Structure formats: structure tokens, C-alpha cells
Amino acid sequence: MTTATFAHRITPSGVLRSEWHKLWTVRSTWITVLSAVALVLGVAVLMGGTYTSGGGDSDVDVVVLTLYGSQLGGICLAVLGILVTAGEYSSGLARATFTAVPGRLPVLGAKAAVLGATVLALSLLTNLAAFLTAQVFLDDTDQAASLTDDGVLGALAGNAAGLALLSLLALGLGAALRSVPGALGAFIGGVLVLPEVVGMLPYDAVDTALRYFPTQAAGVLGSASPLPGAPSAGAALLALALWAAAALAVPAVLLRRRDVRG
């Protein structure tokens with residue numbers, strides 16, 4: 001009599017499907033995503049509906065003006081990135097996940113791929129809707145613009161890419177710290193507050209370095225016209241991608257050295 005042995009075969013597509021399923025079956029995903037969309041669209045309507053030609057915002061880039069809400073929406077998406085990783089440690093789901101995928105690194109890669117693709121697509125669609133909605137109110141003002149104007153589509157896509165990379169940075173912090181409050185504090189303190197504090201130092205080298213910090217680089221990507229003294233869009237994208245890669249590299253190393261519970 002022979003005994004059949006069935007091997008558990010782990011495939012990249014299987015890990016991706018698992019992470020996709022986990023992302024969209026958690027209530028917090030819908031809360032953070034809908035909050036981000038509502039903030040971007042709501043602020044776009046507010047800015048468009050209250051804008052008057054020749055006012056204080058007349059010199060603001062039209063895409064920046066339209067997407068002011070993405071600063072708040074980006075925080076919601078960063079929270080989502082943190083919950084994708086640190087939330088699993090808080091709930092204990094990480095043990096089951098890494099038992100099913102002992103290699104561990106494919107899990108981190110799948111989480112990053114699923115979150116990055118989701119945020120990029122969601123943000124791009126939201127940005128397009130926000131811009132077109134705001135233009136209904138701005139049509140007869142000095143901020144009237146169309147998608148075919150120079151730099152507009154690139155800025156809308158750049159803003160979405162910036163939000164996706166910032167969410168991956170947050171995901172990396174969550175995976176490294178394994179604590180939702182700790183990772184959220186690190187993101188707010190390190191990514192949002194620290195540049196403002198460091199910027200008070202009276203050194204030219206500090207000003208130059210700050211241009212490549214995450215939020216500053218993301219701001220460059222979301223502007224249809226070049227910002228004075230700012231790096232090029234390509235340099236800003238590269239800087240932000242390196243920040244996200246560094247944030248993911250830390251948990252990638254720690255995953256092989258720490259216990260799932262540690």
C-alpha cells in the first residue's frame with residue numbers, strides 16, 4: 001500500500017491573491033480608502049466653489065490648488081499602509097501568515113505590491129475626478145484648465161505616484177516596528193514634522209537636503225509647473241522611491257532575524 005504525499009506549493013501569484021483578499025476583507029481598508037477619497041474630492045469642491053479670480057491663491061499651481069485634500073488623504077493612506085503590516089502583528093494574524101509562507105519575504109513583497117498598486121490606481125482615479133469636478137467651478141476663473149494643458153496629466157499622475165510611495169514607506173515602518181501606534185508616530189514625526197523642524201536650521205546644505213525628503217519630493221511630483229528651487233520631477237521621484245525602498249529594506253532584513261512575535 002502506498003501513501004500519497006501532497007506538498008504545499010507556494011507560488012508568487014498565490015501569495016499575491018492571499019494578500020489582495022486580506023486587504024479587501026478588512027473593515028479598516030474601506031474606512032481609510034473612503035476617507036481618503038472623500039477628503040480629496042471634498043476639498044477640491046471646496047477650493048473650486050470658493051475660489052475667486054485675483055485672490056490670494058491666484059498664483060498657486062492649478063493641480064496643487066485642486067489637490068490640497070491629498071495632504072489629508074495621504075495620511076489616511078499611510079494609516080492603511082501601517083495597518084497592512086503592523087495590524088497583522090496586533091491581531092496575531094502574522095503567525096498564521098508566516099506559517100503558511102515560511103520564507104516570509106514573499107509576504108512582504110506581496111503586501112507592498114498589492115498596496116502600491118491599489119493606492120496608485122485609486123489615487124489616480126480620485127485625482128482625475130477631483131480635477132474635473134473642481135474645473136466645473138473654476139471654468140470662468142483665471143484657474144481654468146483642462147487635462148490637455150501642459151503638465152496637468154503628469155502632475156495628477158505624479159501626485160498619485162507620490163501617495164503610493166508614501167504609503168509603501170508607511171508599510172515599511174509598520175513592518176519594522178510591528179506596532180500601529182509606534183509606526184504612526186514614526187510616520188508623523190519623521191516624515192511630516194521632522195522636515196519642518198530641521199528646516200529651521202540656517203544652513204544651505206540643510207535646505208538642499210530637505211528638497212529630497214519624502215513629503216517635499218511628493219509635492220514636486222504633484223505640481224504641473226516647476227517649483228522654484230525644487231529638484232526635477234525625475235529626481236524627486238527617484239528620491240521618494242529610494243526612501244520607500246529603504247523603509248522596506250529594514251523589515252526585509254529583520255524578518256529573517258526576528259521571531260514573528262518579536
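Which element gives the most to the lining of the second largest pocket? Keep that in mind while browsing these close-ups of a predicted model.

**View 1. The second largest pocket, with α4 in the lead.** The answer is α4, which puts six residues into the lining of the second largest pocket. Helix α4 has company here, since α1 (12-24), α2 and α6 also supply at least two residues each. The space inside comes to about 250 Å³. In total 16 residues line this pocket, and K22, V26, L83, V84 and E88 are the ones nearest its centre. Sort the lining by class and you get eight nonpolar, four polar and four charged residues.

**View 2. The largest pocket, with about 610 Å³ of space.** That volume belongs to the largest pocket. Its lining takes 21 residues, and the closest to the centre are S70, Q71, T215, A218 and G219. Several helices chip in with two or more residues: α3 (62-66), α4, α7 (152-177), α8 (180-198) and α10 (214-221). The lining is a mix of 11 nonpolar and nine polar residues, plus one charged residue.

**View 3. The largest cavity, a space of about 80 Å³.** Searching the whole structure turns up two cavities of 30 Å³ or more, and the largest has a volume of about 80 Å³. Around the largest cavity sit T85, E88, Y89, A94, F98, V107, L108, K111, A175 and L255. Two or more of these lining residues come from each of α4 (70-91), α5 (93-100) and α6 (105-138). As for character, the lining splits into seven nonpolar residues, one polar and two charged.

**View 4. The second largest cavity, lined without charged residues.** No charged residues appear in this lining, which is made of six nonpolar and six polar ones. The second largest cavity holds about 70 Å³ of space. Look for A36, V37, V40, S70, G73, G74, L77, L122, S123, T126, N127 and L163 around the second largest cavity. The elements giving two or more residues to this lining are α2 (27-50), α4 and α6.

**View 5. A closer look at G74 in helix α4.** G74 has its place in helix α4, and it is also one of the residues lining the second largest cavity. Is G74 buried or exposed? It counts as buried, because its relative accessibility is 15% and the cut-off for buried is under 20%. For a sense of scale, pick out F98, which helps line the largest cavity. G74 and F98 are 24 residues apart along the chain, and their C-alpha atoms are separated by 29 Å.

**View 6. Where α10 packs against α11.** Helices α10 and α11 (residues 233-255) meet at an angle of about 145 degrees, and their axes lie 8 Å apart. Their crossing is left-handed. On the α10 side, the contact is made by P214, A217, A218, V220 and L221, while α11 brings A233, A236, L237, L240 and W243. What classes do the residues of this contact divide into? There are 10 nonpolar residues, with no polar and no charged ones. A218 may look familiar, as it is also among the residues closest to the centre of the largest pocket.

How values were computed. Residues numbered from 1 in each chain as written. Predicted model: local features only at pLDDT ≥ 70, side-chain atom pairs only at ≥ 80, totals over all residues. Heavy atoms only, no water. 1 Å grid on protein atoms, 1.4 Å probe; cavity = no way out; pocket = protein on both sides within 12 Å on 5 of 7 lines; lining within 4 Å. Points joined across faces, edges and corners; volume = space filled by probe spheres on them. Helix = DSSP H or I, 4+ residues; strand = E, 2+ residues; numbered from the N terminus. Nonpolar A, V, L, I, M, F, W, Y, C, P; charged D, E, K, R; others polar. Axes fitted to C-alpha atoms, helices over the stretch in contact; angles between N-to-C directions. Left-handed = near helix turned anticlockwise from the far one by under 90°. Contact = heavy atoms within 4.5 Å. Buried < 20%, exposed > 50% of the residue type's maximum accessible area, 1.4 Å probe, protein only.
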